[in-house]
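Please work through the exercises below with the sequence and the model open beside you. Each task is followed by a solution that goes step by step.

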Amino acid sequence: AIRKAGDGVGFPQDSAGNPIPSVTFGCDELGDNVIELWVKDQAGNSNFCQTVFTVIDPNNACGMPGVVDFTICTQ
């Protein structure tokens, strides 16, 4: 599972108990962002590590009208 650092506690899961497989960044989050990558074993033990994910906009999409989202997935 994955989430932005500081956006919750415990293993990231949706309302059905499924791991959250992606996180979305917007144009206001260009640059370095800390994310948490989580794992859980069959016994329910979980842990995570943090890493820096750099959001870039090489095509200058953020300068165009409308909303632009950048999504990363764990799958």
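The exercises on this predicted model deal with strand pairing and with its cysteines.

**Exercise 1.** Work out which strands pair with strand E3 (residues 31-40), and in which sense they run.

*Solution.* Begin with strand E1 (residues 2-4), which runs antiparallel to E3 and is joined to it by 3 bridges; within this pairing, isoleucine 2 has leucine 37 of E3 as its bridge partner. Then turn to strand E4 (residues 46-55), which also pairs with E3 in the antiparallel sense, here over 10 bridges, and in which asparagine 47 stands opposite valine 39. Finally, look at the connection between E3 and E4, which form a hairpin with 5 residues between them; in the turn, glycine 44 has a positive phi of about 90 degrees.

**Exercise 2.** Find the cysteines that a disulfide joins, and determine its handedness.

*Solution.* Applying the cut-off of 2.5 Å between cysteine sulfur atoms, one arrives at a count of 1 disulfide, which joins cysteine 27 to cysteine 62 with an S to S distance of 2.1 Å. Next, locate the two partners: cysteine 27 lies in the loop between strand E2 (22-26) and E3, while cysteine 62 lies in the loop between E4 and strand E5 (69-73), so that the pair, 35 residues apart, links distant parts of the chain. Last, the torsion about the S-S bond of cysteine 27 and cysteine 62 is about -90 degrees, and the disulfide is therefore left-handed.

**Exercise 3.** Decide whether cysteine 27, cysteine 62 and cysteine 49 are buried, partly exposed or exposed.

*Solution.* Buried means under 20% relative accessible area and exposed over 50%. Cysteine 27, at 27%, is therefore partly exposed, as is cysteine 62 at 23%, and cysteine 49, at 43%, also counts as partly exposed.

Conventions
Residues are numbered from 1 along each chain as its sequence is written. This is a predicted model: local features need pLDDT of at least 70, side-chain atom pairs count only at pLDDT 80 or more; totals for chains, interfaces and linings use all residues. Side-chain values use heavy atoms; hydrogens and water are left out. Two strands pair if DSSP finds at least two bridges between them. Helices (H or I, at least four residues) and strands (E, at least two) are DSSP runs, numbered from the N terminus. Buried means under 20% relative accessible area, exposed over 50%, partly exposed in between (1.4 Å probe, protein chains only).
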